[in-house]
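Biologist: I should be grateful for a close look at the nonpolar residues of this protein, beginning with those on its surface. Please then set them beside the residues of the interior.

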Amino acid sequence: MRTILHWIDEQTGMVTLIQRFMEEPLAQGVGYPHVFGSLALFMFIVQMLTGILLMTYYSPSPDHAYDTVQFITYKLPFGSFVRGLHHWTATGMMVAVGLHLLQVFLWGAYKKPRQIIWVLGVLLLMVTLGFSFTGYLLPWDQKAYWATVVGTNIAGAIPWFGDAVRGLLRGGSGVGAITLTRFFAIHVAILPVTADEDGLR
């Protein structure tokens with residue numbers, strides 16, 4: 001094992017980089033209230049890994065989405081575990097991001113010269129909400145369908161350009177095949193890149 005790690009470090013320098021990161025001394029006064037950012041990052045990584053596993057069996061089409069989710073949950077070995085892990089870390093990530101923002105606010109860590117960190121944190125919260133909203137439709141059951149109808153109607157109530165936003169999200173007048181495809185694309189391709197840009201690195 002040591003030989004393999006030495007070879008990886010020789011080729012990439014990753015082992016040395018990880019060692020330096022893990023051995024970095026913490027600032028004085030850092031404790032458990034400061035873990036929520038790292039917790040959100042950890043849950044995001046779990047989301048990515050379980051999401052990739054789920055994507056290998058999921059089909060984002062109205063004819064097959066529900067059936068593939070049922071197959072993953074009830075027939076695929078460890079499928080229920082992977083799907084459950086994806087679901088519960090999504091919930092946990094919402095809580096962690098919310099607590100992280102609250103902690104930053106209470107500690108006053110948003111004040112000069114770190115105002116941009118607060119802005120990025122709020123954007124990260126919006127991206128996390130976007131993950132939750134777009135992921136909710138993917139099982140393509142009755143609950144997911146009607147929740148998306150309600151959610152896109154709320155977006156349609158935005159003054160002046162609400163109808164355009166609702167049409168853009170739905171891909172038409174109603175929730176259908178194009179909506180499912182768009183939500184899948186936003187969930188697995190667009191938002192992960194945005195989350196990385198907002199600071200989940």
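Modeller: In this predicted model, a nonpolar patch on the surface is formed by Met1, Ile4, Leu5, Trp7, Ile8, Met14, Leu17, Ile18, Phe21 and Met22. Together these residues have about 1100 Å² of accessible area. Helix H1 (2–12) and helix H2 (14–22) each contribute at least two residues to the patch, and H2 provides the largest share, with five residues. Met22, which is found in helix H2, has a relative accessible area of 63% and is therefore exposed, the cut-off being over 50%.

In soluble globular proteins, nonpolar side chains tend to be buried together. Turning to the interior, the largest nonpolar core consists of 11 residues: Tyr58, Ala65, Val69, Leu137, Leu138, Trp140, Val149, Val175, Leu180, Phe183 and Phe184. Helix H4 (65–74) and helix H9 (177–198) are the elements that give two or more residues to this core; the largest share, three residues, comes from H9. One member of the core is Val175. Beyond its neighbours within four places in sequence, Val175 is in contact with Trp140, Tyr145, Thr148, Val149, Thr152 and Arg170.

Apart from this core lies another, of 10 residues, which includes Met43, Phe44, Met93 and Ala96. Ala96 belongs to helix H5 (residues 79–107). With a relative accessible area of 1%, Ala96 is buried, because the cut-off is under 20%. If neighbours within four places in sequence are left aside, Ala96 is in contact with Phe36, Leu39 and Ala40. The C-alpha atoms of Ala96 and Gly108, which are 12 residues apart along the chain, are separated by 18 Å.

Methods:
Residues numbered from 1 in each chain as written. Predicted model: local features only at pLDDT ≥ 70, side-chain atom pairs only at ≥ 80, totals over all residues. Heavy atoms only, no water. Patch = residues over 30% accessible without salt bridge, like charges linked within 9 Å, V, L, I, M, F, W, Y side chains within 5 Å. Areas by Shrake-Rupley, 256 points an atom, 1.4 Å probe, with all protein chains shown as cover. Salt bridge = Lys/Arg side-chain N within 4 Å of Asp/Glu carboxyl O. Helix = DSSP H or I, 4+ residues; strand = E, 2+ residues; numbered from the N terminus. Buried < 20%, exposed > 50% of the residue type's maximum accessible area, 1.4 Å probe, protein only. Contact = heavy atoms within 4.5 Å. Core = buried A, V, L, I, M, F, W, Y, C linked by side-chain atoms within 4.5 Å.
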